[in-house]
Amino acid sequence: MAMFGRAHLPPLDGATEWLNSEPLDPADLRGRVVLVNFWTLTCINWLRQEPYVRAWSQAYRDDGLVVVGVHTPEFSFEHEVDRVRRAVAARSIDYPVAVDNDYAIWRAFDNQYWPALYFVDTDGVIRDEHFGEGSYEQSEQALQQLLGIERDPVPVRGLGPEAEADWANLRTPETYLGFRRGEHFASPNSAALDERRAYYRPESLGLNQWALAGEWTIGSESVALDRAGGGIAFRFHARDAHLVLAPGAGRPIPFRVLLDGEPPGPSHGVDVDEAGNGVLQDGRLYQLVRQDGAVRERTLEITFDEPGAEAYAFTFG
């Protein structure tokens, strides 16, 4: 983490709503050490960081720490406050969360990353920052220094999608599916923007390639299924495979996941059973695969029983 000047905590009045708290401003927080955490509910990097932020909030609040989460959405469906509320409840977040739908707080901090941590002293001066995952011991030490205490680190163990990535075996990057940022698309007929089209999966996929099968419309930030039975295939090398999904029509959509053409069995993710069955019910990140045993290159297929599924990005761990 890098030290950088003596900027003060900027105003927080750009929030469109506050969760777990009345609106806060720098004057309310003066005299307290503050940790500001920028996040968005579908971000796998934030999900893996959140157990640490949650543990620090609980361990150090009686010592004067206030954690302020700032939810700044990446995808359009993340602007829905009820989805943010559900994410807060699902992650047992009990500290204040500013809903930053207009990016006002993001701009006030000149922030560019999810997740991002800003460490603020009792005089309201930003003393340190950290972007992305990792450096948890250094971050906790920074908090202890600002609080004037010295203790052993808080024990943290992430479960499900919150578990630390298997970095040694992670060879597939985050991959967006929408037209604006999509890459490595391998269906034989090329992608068309905002046009309903039948796509086909090639006979084989190279590592980190993906393809559509069935009738889909490729939008700027997602691909949307127009006819039941369509699917997405991805060739990846990682322990975990996740997919950001939303039900466009709002109703539950059953889906099935296969690994190399077979049910995943013990390699299923938390949102899929051993037979590969799952249900798309809300806009969020779904963990489809956690490989059991040795990690190797695999082909993931997800097929939807009903139209309306919207897929945004694959992430891996």
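This short talk walks through the nonpolar cores, one helix and one cavity of a predicted model.

A word on conventions: residues are numbered from 1 along each chain as its sequence is written, and side-chain values use heavy atoms, with hydrogens and water left out. Because the model is predicted, local features need pLDDT of at least 70 and side-chain atom pairs count only at pLDDT 80 or more, while totals for chains, interfaces and linings use all residues.

Let me start with the largest nonpolar core, meaning a set of buried Ala, Val, Leu, Ile, Met, Phe, Trp, Tyr and Cys residues joined through side-chain atoms within 4.5 Å, where buried is under 20% relative accessible area, exposed is over 50% and partly exposed is in between, with a 1.4 Å probe and protein chains only. This core has 37 residues, and those with the most contacts inside it are L35, W39, W56 and L65. Its largest share, seven residues, comes from helix α2, residues 44–60; helices here are DSSP runs of H or I, at least four residues, and strands are runs of E, at least two, numbered from the N terminus. Apart from this core lies another, of 32 residues, with A192, F234, L288 and F314 among them.

Turning to helix α3, residues 81–90, we find V81, R83, V84, A87 and V88 buried. Seen down the helix axis, these buried residues fall within an arc of 155 degrees, so they line one face of α3, the arc being that of the directions from the axis to the C-beta atoms. On the other side, A89 and A90 are exposed, and just after the helix S92 takes a positive phi of about 55 degrees.
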